[in-house]
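Biologist: I should like to learn how to read the features of a structural model. May we go through them one by one?
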Amino acid sequence: MINTCKTSIQVVFYIILFLFSVFIVDKLSIPLPANIVGMAILFLAMFTKVIPVRYVRRGSSLLLSEMLLFFIPAVVAIINYFDILENEGIRILVVIVLSTTIVLSATAYIVDKVFKYELRKREKC
């Protein structure tokens, strides 16, 4: 019961953070989506240890585990644009495959470099 309450409070915290981010973006006319601003705020708060990771871990785990549910409306909405997919579907698919390949390759490269750096750092100690 206590875990459920903690998780619920953390999810509510994420909702409040998002609403605050929407407010900030609107008032300051920031040319970024509110979710990006919210992630930056949360990152800075966690980096400066204003918010410890344990205060948001359970809520984030729940949201990540249920992430597929958040994409269902977007997938269903694609039906409204079937004519675009019919005409430009191959181009869209090529862009998706190429961009995914580039992002995965860049991530793998960076992880490899950081891993090797950490190994060298540990060997020196």
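Biologist: To begin with a single side chain, which backbone atom lies 3.3 Å from a polar atom of the side chain of S21?

Modeller: Please keep in mind throughout that this model is predicted. The atom in question is the backbone nitrogen of G38, which lies 3.3 Å from a polar atom of the S21 side chain. A polar contact requires N or O atoms within 3.5 Å, so this pair falls inside the cut-off at 3.3 Å.

Biologist: Where is S21 placed, and is S21 buried or exposed?

Modeller: S21 sits in helix α1, which covers residues 2–28. Burial is read from relative accessible area, and buried means under 20%. S21 is buried because its relative accessible area is 0%.

Biologist: Which residues does S21 touch, apart from those up to four places away in sequence?

Modeller: With those sequence neighbours left out, S21 touches A34, V37, G38 and I41. G38 therefore appears twice in our reading: among the residues that S21 touches, and as the owner of the backbone nitrogen 3.3 Å from the S21 side chain.

Biologist: What does A34 show when read from its own side?

Modeller: A34 is found in helix α2 and counts as buried, because its relative accessibility is 13%. Leaving aside neighbours within four places in sequence, A34 is in contact with F18, S21, V22 and V25. A separation along the chain and a separation in space are read as two values: A34 and L19 are 15 residues apart along the chain, and their C-alpha atoms are separated by 8.2 Å.

Biologist: How should I read L17 in the same manner, and which residues is L17 in contact with?

Modeller: L17 is found in helix α1, and it counts as buried because its relative accessibility is 11%. Beyond its neighbours within four places in sequence, L17 is in contact with G38, I41 and L42. For a distance between C-alpha atoms, take L17 and L68, which are 51 residues apart in sequence and 21 Å apart in space.

Biologist: What is the accessibility class of I15?

Modeller: I15 is also a residue of helix α1. The class between buried and exposed is called partly exposed, and I15 belongs to it because its relative accessibility is 47%. The C-alpha atoms of I15 and G38 are separated by 10.0 Å, with their positions 23 residues apart along the chain as the sequence separation.

Biologist: Let us turn to another polar side chain. Which backbone atom lies 3.1 Å from a polar atom of the side chain of Q10?

Modeller: That atom is the backbone oxygen of Y55. Q10 lies in helix α1 and is buried, because its relative accessible area is 6%. Not counting residues up to four places away in sequence, Q10 touches R54, Y55, V56, R57, R58 and G59.

Biologist: I also wish to read backbone angles. Which value does phi take in S29?

Modeller: Phi of S29 is near 50 degrees, a positive value in a residue other than glycine. S29 is placed in the loop between α1 and α2, and it is exposed because its relative accessible area is 59%. K49, which is not a glycine, has a positive phi of about 65 degrees. K49 is in the loop between α2 and α3 and counts as exposed because its relative accessibility is 68%.

Biologist: How is a pocket described, and what volume does the largest pocket have?

Modeller: One reads its volume, its lining and the character of that lining. The largest pocket has a volume of about 580 Å³. Its lining consists of 15 residues, and Y14, F18, N35, M39 and L63 lie nearest its centre. The elements giving two or more residues to this lining are α1, α2 (34–47), α3 (57–65) and α4 (67–77). Twelve of the lining residues are nonpolar, three are polar and none is charged.

Biologist: Finally, where in the protein is confidence lowest, and where is it highest?

Modeller: Confidence is lowest in α4, at a mean of 76, and highest in α2, at 94. For the protein, the mean pLDDT is 90, and 100% of the residues reach 70 or more. As a general rule, predicted coordinates should not be read in detail where pLDDT is low.

Note on methods: Residues numbered from 1 in each chain as written. Predicted model: local features only at pLDDT ≥ 70, side-chain atom pairs only at ≥ 80, totals over all residues. Heavy atoms only, no water. Helix = DSSP H or I, 4+ residues; strand = E, 2+ residues; numbered from the N terminus. Buried < 20%, exposed > 50% of the residue type's maximum accessible area, 1.4 Å probe, protein only. Polar contact = N/O pair within 3.5 Å; in protein donor to acceptor, adjacent residues only side chain to side chain. Contact = heavy atoms within 4.5 Å. 1 Å grid on protein atoms, 1.4 Å probe; cavity = no way out; pocket = protein on both sides within 12 Å on 5 of 7 lines; lining within 4 Å. Points joined across faces, edges and corners; volume = space filled by probe spheres on them. Nonpolar A, V, L, I, M, F, W, Y, C, P; charged D, E, K, R; others polar. pLDDT = per-residue confidence, 0-100.
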